[in-house]
Amino acid sequence: MSASTLLRLGLTAAIALPGLACVETERQSGPVAAEARGTVPVLEYLDWSPWVKIYDPDRAFNGYTLAFFKQRIPVLMDMNGRIVHLWPRVRTRGRIRLLENGSLLAISLGRGVVEYDWQGNLVWQLERAGVLVHHDAVRLANGNTLLIVRGAGDTDDLIEVDRRGEIVWRWRSAEHLAGFFERSTAINGDITHLNSVQEIPSNRWHQSGDPRFRPGNLLVSARNLNMIFVVDRASGEVVWRFDRELDHQHEAHMIGPELPGGGNILFFNNGLQNLYAYRQSGVVEIDPVAGSTLWSYRAKGFFSATAGAQQPLGNGNVLISAGTGNRLFEVARDGSIVWQLAVPFRPGRAQRYPYDFTPQLGAMPRPVERAVNPGPGYRHFDADVYAFASRGEQKEIAVNGQPSRVLVENNVCKDVLLPPKARIGVAYGLNRDRLVGAGRHDYAARFTLRLEVAADGLDVVLVDDVIGLAGAEVDQTWRGRQMDLGSLSRKQARLCLAATEAGSAGQRASADLAFWWNPAITPGEPMAADSTVLDALVDELTPEEIAARSAHLRALGYGD
């Protein structure tokens, strides 16, 4: 590559190994971090307003939004991103719900479910042998709690528990969904992957005589079956299902009677199978009786291959949690975005609440609402739009004695969209242990990374490197680079990775001997907001909490 090309791209290369090592950095405590170790952090330090990129007070459903800071600490923010309340000592994951008394219901870092009061005191928990809670927890109208739990044989169950933690009702997927198991898309034994459950509210269908939608029946989403369905609470039978054009969906939700569209069903359709096609997710609203689509939202740049959620709001808008997109946004029915929060972490499945939803919120002064207009040309693209390889195109192997996730194919090309001020991080190397065991001490492989941007007539080699085993120490048998592609923002590009045996006439290297880690394609412009207090709190995550989270993910069939 010529010097002029390097200058035009703004390209730099440095040794860096994304995903290969955990690097600890020393953080200065400072006065703000010290504040976090008190009972109640000083909320005025927690200004997320730089992350609110769009806000139209006249069209948005104004209230407080419950979300996560770095998937750990529950926070409540106003429409301009000011944190109005948080639970600084609470560590949860996956699902949090604010109850009308000001308590917080959440899935714990361990195997159960927890409830904290407004002050952050633990008031109830369920940690029960043989019960692994995941994905959803709902407080029922009768005061009991409904949970999704791992059942027997890689399937999921629903259980209802009372305040004593006793199971008073149980529904087993294996007994009622077995006829659909052959269609499962599971790649890790997770046959059903239930990811949301809702107690059906009062609705016009039941009022018109349809017993399938009796209030109290349960609306469930089974991601790996590409199906949403209704369970009759009395019989346990599946009395309604919908599976047309679903693709690893989340958050099936019947709209309540007090909201526009009451009785219709919304869901987040991820579109995992179009990961390398048109890369779009959708939020879809259907008439559950006719099975027809009434409304949908899709947009270029909106894509979350996994996770994600949506919430119908009181004015007919929909709040969308973009899952892997690091943003929350509210859309009006005409598809325009009227509020958007874009953060450098996953904020989880958010919920918007009216200003007076709890007594504690109602007692607060109503916040000032200031419009936020995006700058010229502002546009957000979710992280999965930039993805190179999906989970199914990667494999877990031991690399030099360490568990690693590498590409299944080490000679592969992908079309990708480059983010604003794009950065690409790549890592590659040899399986030293396997080569030594096979006596191939003279083995060497050539690694090349080529970038093509057809619209610009650009075709450059970003990496051309040879790694040999002879005389190399363990830490010299893999390398990494980070590269800035400054002028290629939002360009469609083709990335081609190759690993060939050095000295051969282009003979491909075995993927068991030479491999690439999944390239990390990220925006190069970091976001900034003053969250020093919460950063300090996240740093205080205990080893026990980390171990509990890791054990939970492994139990669900995921890596850490």
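**A walk through the strands**

Let's start at a hairpin: strands S3 and S4 have five residues between them, and in this hairpin glycine 81 takes a positive phi near 85 degrees. Keep in mind as you look around that this is a predicted model. S3 covers residues 73-77 and S4 covers residues 83-86; the two run antiparallel, with three bridges joining them. One of the pairings to look for is methionine 77 with its bridge partner in S4, isoleucine 83. As a bit of background, strands of a sheet pair through backbone hydrogen bonds, and they can do so parallel or antiparallel.

Next, move along the chain to aspartate 156, which sits in strand S11 (residues 156-161). Is aspartate 156 buried or exposed? Its relative accessibility is 0%, so aspartate 156 counts as buried. Its side chain makes a polar contact of 3.1 Å with the side chain of threonine 192. Leaving aside residues up to four places away in sequence, aspartate 156 also touches a whole set of others, including His134, Arg150, Arg172, Asp190 and His193.

Now for an open sheet. Four strands make it up, in the order S28-S33-S30-S31, and the pairing is antiparallel. S28 and S31 stand at the edges with a single partner strand each, so each has one side without a neighbour in the sheet. On average, neighbouring strands here are turned by 15 degrees against each other, if you ignore direction. Look at S30 and S33: eight bridges join this antiparallel pair, and leucine 449 has leucine 497 in S33 as its bridge partner.

The sheet also holds a disulfide, which links cysteine 413 to cysteine 496 with an S to S distance of 2.1 Å. Cysteine 413 is in strand S28 and cysteine 496 is in strand S33, so the pair ties together parts that are 83 residues apart in sequence. The link is right-handed, with 115 degrees about the S-S bond. The two ends sit in different settings: cysteine 413 is partly exposed at a relative accessible area of 32%, while cysteine 496, at 13%, counts as buried because the cut-off is under 20%.

Finally, peek inside. Nonpolar side chains tend to be buried together in soluble globular proteins. Here the largest nonpolar core has 42 residues, and those touching the most other members are Phe388, Leu418, Leu430, Phe447, Leu449, Leu451 and Trp516. Several strands each supply at least two residues of this core, among them S28, S30, S31 and S33. Another core lies apart from it, with 41 residues that include Phe69, Trp87, Tyr116 and Leu361.

Note on methods: Residues are numbered from 1 along each chain as its sequence is written. This is a predicted model: local features need pLDDT of at least 70, side-chain atom pairs count only at pLDDT 80 or more; totals for chains, interfaces and linings use all residues. Side-chain values use heavy atoms; hydrogens and water are left out. Two strands pair if DSSP finds at least two bridges between them. A nonpolar core is a set of buried Ala, Val, Leu, Ile, Met, Phe, Trp, Tyr and Cys residues joined through side-chain atoms within 4.5 Å. Buried means under 20% relative accessible area, exposed over 50%, partly exposed in between (1.4 Å probe, protein chains only). A polar contact is a pair of N or O atoms within 3.5 Å; within protein, one must be able to donate a hydrogen and the other to accept it, and residues adjacent in sequence count only if both atoms are side-chain atoms. Contact means heavy atoms within 4.5 Å. Axes are lines fitted to C-alpha atoms, for helices over the stretch in contact, and angles run from 0 to 180 degrees between N-to-C directions. A disulfide is a pair of cysteine sulfur atoms within 2.5 Å.
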